[in-house]
Amino acid sequence: MAPWPELENAQPTSEKHTVKADGDQSAKPEKGKETEKDDTGAPITKIELVPSHSTAALIEEPTEVEDPWDLPELKDTGIKWSERDTKGKILCIFQGIGKFILLLVFLYFFVCSLDVLSSAFQLVGGKVAGKFFNNNSIMSNPLAGMVIGVLVTVLVQSSSTSTSIVVSMVASSLLPVNAAIPIIMGANIGTSITNTIVALMQAGDRKEFRRAFAGATVHDFFNWLSVLVLLPLEAATGYLERLTNLVVESFHFKNGEEAPELLKVITDPFTKLIIQLDKSILNQIAMNDESVQNKSMIKIWCKTFTNVTERNVTVPSPENCTSPSLCWTDGLYTWTIKNVTYKENIAKCRHIFVNFNLSDAIVGVILLITSLLILCTCLILIVKLLGSVLRGQVAAVIKKTINTDFPYPFGWVTGYLAILVGAGMTFIVQSSSVFTSAMTPLIGIGVISVERAYPLTLGANIGTTTTAILAALASPGNTLKSSLQIALCHFFFNISGIILWYPIPFTRLPIRLAKGLGSVSAKYRWFAIVYLIIFFLLIPLGVFGLSLLGWPVLVGVASPIVLVILLVVVLKILQSCCPGFLPQKLRSWDFLPLWMRSLEPWDKLITSLTSCFQRRCCCCCRVCCRVCCGLCGCSRCCRCSKCCEDLEEVKDEPVKSPEAFDNLAMDKEAQDGVTKSEVEASGTKIVSSVTAL
């Protein structure tokens, strides 16, 4: 309730509002007072207050509800260009150039930290990820193959790495194409976790976090929905395998050059000073090569010399000779001539951990913590810097350019042009994770809308497949067909997803789902972390564990869960669209316990569990303080004894109404000790006529 407005002409005390009916006729009525008589004939004075003028209305008019998804106005709070003198204009130009250079520097370190983060994940979980591909019985299960693709990509933080492992296994005939397609689908899901983690760094501002998390998770929902539809379709019909096989057989491709690595040329000189990995070990582990199980992924020797010479070697029998003409015996041994490869290490690599005899896990943890700190710092500085640069006319031009559609009737072309822009930018930077992660802060501060970020993200999905296609064209002749077929499966999977979830506005479910999740996460920010853990860790691990027990166990456990989810979805649709078809009890979720239909009880539980972080010091300090007070004899009211109390909460101030509207019978100060019975006995009547503007 809004506080009472201050009245300028109202009388401050209650005594001036009443006149006792004591029969005193000598008292003349003052101006603005009218004299009346009651039933007994006693005169009663009616007080008419002078109309008071207030700047606030007593009744608040209903205000328009602000749309939380509207892009904020990035206003220019500085001095206008026309109001600056020559020195101020020159200084403003140099400040703009300096901010632009700083922005490029922060972006550079941001991208480098993503690269180092990927290397750290490969060191920590790369070998475990490689072992996931060994069990062919699990690979034959499409659902298990999909979650393996998710887990491997989450562990190595790179869809290109997991895809390259799959391509190597298919080229080596260790994995059939139909079993590799679900893994590619899972890799497409796992790569979307990077920009979702980046969105968590903007959790300090609820409005920015709502937009950033929705813009990041629109990628997640697109991939999850596409897999939910296309994975059963592929398992039933095998349309991706047949389509890509038809394309490969129809065209005679020639080996080409490798895809351009424009971004790697810029970032590799710095990242290679930090860490260098031998990624071929992951492929060898996936191919069940026992010789590399205990080999470190950290590259030590960067320059080696390999020499192949012919040498006389002994063999057990003449059957083991190279050829009959190159085989002889000396009575005791059988000799032959073979090519012997001799490898000599020449120069060590130049990175920080080359001379540290640390395990891969320890180095991975160190790099993981360091890269996350750099990533968070760079992201915070980028957001602050963009907030200071994108102001006034600059912000208006950028927002208008990115978010404005073409005029009617060509408005539909804008989204498809954005898809092409996203594909081109991803092709340049060679990573969909880098492009979507760099776009996430712009969504948070309001430069790019969620509706515009959706087609840009779809384009990024296509762009990351085109680089794989070019890399497959550079494969040797014996692996060209399989490599190209897997790359084309990835490409047509994303094209099929775009056909499902973009052309018709009604089918753009990822936008609505991402906005709903963004609103929930903005209110309960801990739910964003719960979402990441459930969808990218617990569900894949649960499906993978059930797959180890066999297909019947997986179907038996998953079927009731899927049926319950479908029932909830159908019931929710009927509640919102056709509630009349439902019984009265099912028209809302009130029949369920509160913890099943609301996050409020969970929020209270998590808040109570984390309340220890709201204390001024830790438990250890509290114990030390109390021991110190006990030894020195301090009183309990000293500062030391109160250092660990909870932070004081700001109490709501009571609303105080103006004294002119205080009831005399309820106002203790106006009564001056007069009780309610005394007031009634005095025969006083209160009549007021108030006009407030």
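The link between cysteine 302 and cysteine 349 is right-handed, with 110° about the S-S bond. The two sulfurs sit 1.7 Å apart in this disulfide, a term used here for a pair of cysteine sulfur atoms within 2.5 Å. By that rule, the count comes to one disulfide. The pair ties together distant parts of the chain, 47 residues apart: cysteine 302 belongs to strand 3 (residues 301–315), while cysteine 349 lies in the loop between strand 5 (334–348) and helix 11 (360–389). Helices (H or I, at least four residues) and strands (E, at least two) are DSSP runs, numbered from the N terminus.

This is a predicted model, in which local features need pLDDT of at least 70 and side-chain atom pairs count only at pLDDT 80 or more, whereas totals for chains, interfaces and linings use all residues. Residues are numbered from 1 along each chain as its sequence is written, and side-chain values use heavy atoms, with hydrogens and water left out.

As for solvent exposure, cysteine 302 is partly exposed, at 37% relative accessible area, but cysteine 349 is buried, at 4%. Buried stands for under 20% relative accessible area, exposed for over 50%, and partly exposed for anything in between (1.4 Å probe, protein chains only).

That leaves cysteine 112, which is in no disulfide: its nearest cysteine sulfur belongs to cysteine 378, 8.9 Å away. Cysteine 112 is buried, with just 1% relative accessible area. Cysteine 378 is likewise in no disulfide, and its nearest cysteine sulfur is that of cysteine 112. Cysteine 378 is buried too, at 6% relative accessible area.
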